[in-house]
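Student: Could you take me through one part of this model in detail? I would like to look at the open space inside it and what surrounds that space.

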Amino acid sequence: MISRHIAIALGIACWLGIVVSAQGPGAAPAAPTSDQVFKNIQVLKGIPIDQFMDAMGMFSSSLGYDCSSCHSQDIHYDRAAFATTTPLITRARQMIAMMNGLNEANFGGRPRVTCFTCHRGNPSPEDIPSLALQYADVVDDPNAQGLVRVRSVTPDQVFAKYIQALGGAQKLAGVTSFVARGTYGGFNTGGADLPIEIDAKAPNLRMQIVRAPDADNIKTYDGRKAWVAEGWRPLPLMELTGGNLEGARIEALTSFPATIKDAFTGWQVGSATIDDKPVQVLQGRTGGQPVNFYFDDTGLLVRSVRWNRTPVGTVPTQIDYADYRDVAGVKMPFKIVITWTDGQNTIALNQVQPNVAIDAAKFAAPKPFVSK
């Protein structure tokens, strides 16, 4: 039986296929909204495309569904069938209206009730208490936004240990750019490991190219804006917004860790457990959703978690860092695993060259994706 996570990934891939086909490779790099790109959108109108896709991820994660669970089965041979209204699509629209009504009437419009509140991975919410759940061991979610506060340690102390674990401030300052090579694999590669190239420049510029058989898939961040020109995205060229823009920023910042501390405000220290091992958590803000950074007992960063708010709830993205190796006296993670409601991808580096001259033009908006 296909796993739920793979099914979810395939479902999102179905969505991506229909949109790319509809737009065409020669589409202008505009920023259309959901109802301008997708057909028969009646509820989630007027929102950025990346936020719309995160909303689809919320549905998948909350119910354990993929796109074929709700859409017409004709989508398997006719992509236009995504616009067909099915009973479950009608029900989903009703459920969004109910959810919005609950939040408006009881929480001042704040998104306190979401799809996940009741479904929790089940298409049919349970209404009978589970004794097995009631008397089971309590397992805390390390990715929770609410911190288990620790007041005996300051954020400065955690950062100091982190910098020292990486090799020290002087060594970190000596690495101002790098070019990395390795592989990229996951739901949007069909499980295949494809070549990836990453160029990064201090303090916060980053570009990656995944060399797929049909064309190059490019993601860039220029210090303020981020773009993706990838075959698995809804548009040939899409500018990232909200939490997804913040995610691109975090990817760039963690390439040059000395910049993380000053990039956020309101730092708080907490504790959690990952894989039965205690970790220290630093949570910072930039005005929107918080961002969590997790450090092991050696001081190294092992995870970051960010959130993106959609009209149907807030979705998380988790990035795990492992296999730290020495590069010019600085420890860098050679394995990075990105997990979110649409799937999971793994970057496995095999080569990092420090202090390489990189043309600033590489970090600008890429050309729209065009399949060969």
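**The largest pocket and its surroundings**

Tutor: Helix 1 (4-23), helix 3, helix 6, strand 11 (301-310), strand 12 (313-327), strand 13 (330-340) and strand 14 (343-354) each give two or more residues to the lining of the largest pocket. Bear in mind that this is a predicted model. Strand 12 makes the largest contribution to that lining, with seven residues.

The lining of the largest pocket has 36 residues in total, and those nearest the centre are Phe116, Asp141, Trp307, Thr314 and Pro316. The space in this pocket comes to about 1300 Å³. Sorted by class, its lining consists of 17 polar, eleven nonpolar and eight charged residues.

Next, the closed spaces. How many cavities of 30 Å³ or more does the structure hold? There are two cavities of that size. The largest cavity has a volume of about 550 Å³. Its lining is made up of 32 residues, and Lys219, Arg233, Asn244, Arg306 and Trp340 are the ones nearest its centre. At least two lining residues come from each of helix 1, helix 3, helix 10 (242-253), strand 11, strand 12, strand 13 and strand 14. Compare this with the list for the largest pocket, where helix 1, helix 3 and strands 11, 12, 13 and 14 also appear. By class, the largest cavity is lined by 16 nonpolar, eight polar and eight charged residues.

The second largest cavity has a volume of about 40 Å³. Its lining is formed by Arg206, Met207, Lys219, Thr220, Tyr221, Ala248 and Glu251. Strand 4 (205-211), strand 5 (216-221) and helix 10 are the elements that supply two or more of these residues. Strand 5 gives the largest share, three residues. In this lining, three residues are nonpolar, one is polar and three are charged. Lys219 belongs to this lining, and Lys219 is also among the residues nearest the centre of the largest cavity.

Helix 3 takes part in lining both the largest pocket and the largest cavity, so it is worth following on its own. Its 15 residues should span 21 Å at 1.5 Å a residue, and this agrees with the 21 Å between its end C-alpha atoms. Is helix 3 mostly covered or mostly uncovered? It is mostly covered, with 13 of the 15 residues buried. After helix 3 comes Gly64, which has a positive phi near 70 degrees.

From helix 3 the path leads to helix 5, since the buried residues of helix 5 pack against helix 3 (49-63), helix 4 (67-70) and helix 6 (115-119). Helix 5 covers residues 87-106, 20 residues in all, and its first and last C-alpha atoms are 28 Å apart, close to the expected 28 Å. The buried residues in helix 5 are Ile89, Arg93, Ile96, Met99 and Asn103. Viewed down the helix axis, the buried residues of helix 5 fall within an arc of 120 degrees, so they line one face of the helix. The general background is that an α-helix has 3.6 residues a turn, so residues three or four places apart point the same way. On the face of helix 5 turned away from the buried side are the exposed residues Pro87, Ala105 and Asn106. Gly108 follows helix 5, and its phi is positive, near 60 degrees.

Finally, some loops that adjoin the elements already named. Strand 12 and strand 13 are linked by a loop that contains Ala328. Ala328 is not a glycine, yet its phi is positive, about 55 degrees. Its relative accessibility is 45%, so Ala328 counts as partly exposed. In the loop between helix 2 (34-37) and helix 3 lies Asn40. Asn40 also has a positive phi, near 65 degrees, without being a glycine. Most residues other than glycine have a negative phi, and most peptide bonds are trans. The bond between Ala202 and Pro203 is cis, with omega about 5 degrees. Pro203 sits in the loop between strand 3 (193-201) and strand 4.

Before strand 11, the loop from strand 10 (291-295) holds Gly299. With a relative accessibility of 3%, Gly299 counts as buried. Gly299 lies 138 residues from Lys161 in sequence, while their C-alpha atoms are 5.4 Å apart. Leaving aside residues up to four places away in sequence, Gly299 touches Lys161, Tyr162 and Ala165.

Conventions:
Residues are numbered from 1 along each chain as its sequence is written. This is a predicted model: local features need pLDDT of at least 70, side-chain atom pairs count only at pLDDT 80 or more; totals for chains, interfaces and linings use all residues. Side-chain values use heavy atoms; hydrogens and water are left out. Helices (H or I, at least four residues) and strands (E, at least two) are DSSP runs, numbered from the N terminus. The expected span of a helix is 1.5 Å times one less than its number of residues. Buried means under 20% relative accessible area, exposed over 50%, partly exposed in between (1.4 Å probe, protein chains only). The arc is that of the directions from the helix axis to the C-beta atoms. Contact means heavy atoms within 4.5 Å. On a 1 Å grid over the protein atoms alone, a cavity is a set of points where a 1.4 Å probe fits but cannot get out, and a pocket is an open set with protein on both sides within 12 Å along at least five of seven lines; lining residues have an atom within 4 Å of a point. Grid points are joined across faces, edges and corners, and a volume is the space filled by probe spheres set on the points. Ala, Val, Leu, Ile, Met, Phe, Trp, Tyr, Cys and Pro count as nonpolar, Asp, Glu, Lys and Arg as charged, and the others, Gly among them, as polar.
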